Every structure is written in structure tokens, then in C-alpha cells.
Amino acid sequence: DTDRALVLLEEYCKKLRKPEEQQLKKAIRKVMGIFKSSLFQALLGSFTKKATRYGTTSHSSLPAAAACDVLGCPKD
């Protein structure tokens, strides 16, 4: 779940204090910004709907649902 991932990333960022860790911290903050973006949320919602349509609702099945949408998997 995206909210949980954001919480974990934020907690991890707080631990990055050394100068050599600042580049990683900056990259993680970029990822967090992407997770918070309306585009990402819309795509995630679309994948969730597709996973439900194909009868799979686990998070690991979301990429499969997206692939089926792009590749045109047969419908039951």
C-alpha cells in the first residue's frame, strides 16, 4: 500500500544523516514525490481495477493486470 511505503521511506530518510548518504536521501525523496503524485495514484487505481477485473486482487498481481491491459490478455 502506497501510504505504508511512504511512511517507511520517510522513516528511512530520517536515518540518513551522513554526507555520503545525502544523494540516496535525495533520490528517495524523488520517489516519494512520485508516489504522492496524482498521475501515480491514477495509474495505481487503474491497475487495481484491472486486477479486480481479471480476478486477482493481490498487490503482486498488479503488474500482471497492467501487462494484460497492454498485451491484450484473453477475457474469461
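Two residues are in contact when their heavy atoms lie within 4.5 Å. By this criterion, residues 24 or more positions apart account for 22% of the protein's contacts with a separation of 6 or more. The model examined here is predicted.

Confidence varies along the chain. The mean pLDDT of the protein is 78. A value of 70 or more is reached by 64% of the residues. Among the elements, helix α2, residues 22-36, has the highest mean pLDDT, at 94. Helix α4, residues 62-71, has the lowest, at 53. Where pLDDT is low, the predicted coordinates should not be read in detail.

The fold is built from helices. There are four of them, and zero strands. From the N terminus on, the order of elements is α-α-α-α. Of the 76 residues in the protein, 17% are buried. The exposed surface of the protein amounts to about 5900 Å². Carbon and sulfur atoms supply 61% of that surface.

The interior was considered next. The largest nonpolar core contains five residues. Its members are Leu 6, Cys 13, Leu 16, Ile 28 and Met 32. Helix α1, residues 2-15, supplies at least two residues of this core, and α2 likewise supplies at least two. Leu 6 touches its fellow core member Met 32. Leu 6 also touches Phe 35 and Lys 36, when residues up to four places away in sequence are not counted.

Thr 2 belongs to helix α1. Is Thr 2 buried or exposed? Its relative accessible area is 15%, so Thr 2 counts as buried, the cut-off being under 20%. With neighbours within four places in sequence left aside, Thr 2 is in contact with Phe 35, Phe 40, Gln 41 and Leu 44. Phe 35 thus appears in the contact lists of both Leu 6 and Thr 2.

The surface offers a contrasting case. Leu 39, Leu 43 and Phe 47 form a nonpolar patch there. Together, these three residues have about 270 Å² of accessible area. Leu 39 is found in helix α3, residues 38-53. The relative accessible area of Leu 39 is 59%. Leu 39 is therefore classed as exposed, because the cut-off for that class is over 50%. Thr 2 in α1 is buried, whereas Leu 39 in α3 is exposed.

Terms used
Residues numbered from 1 in each chain as written. Predicted model: local features only at pLDDT ≥ 70, side-chain atom pairs only at ≥ 80, totals over all residues. Heavy atoms only, no water. pLDDT = per-residue confidence, 0-100. Helix = DSSP H or I, 4+ residues; strand = E, 2+ residues; numbered from the N terminus. Buried < 20%, exposed > 50% of the residue type's maximum accessible area, 1.4 Å probe, protein only. Areas by Shrake-Rupley, 256 points an atom, 1.4 Å probe, with all protein chains shown as cover. Patch = residues over 30% accessible without salt bridge, like charges linked within 9 Å, V, L, I, M, F, W, Y side chains within 5 Å. Salt bridge = Lys/Arg side-chain N within 4 Å of Asp/Glu carboxyl O. Core = buried A, V, L, I, M, F, W, Y, C linked by side-chain atoms within 4.5 Å.
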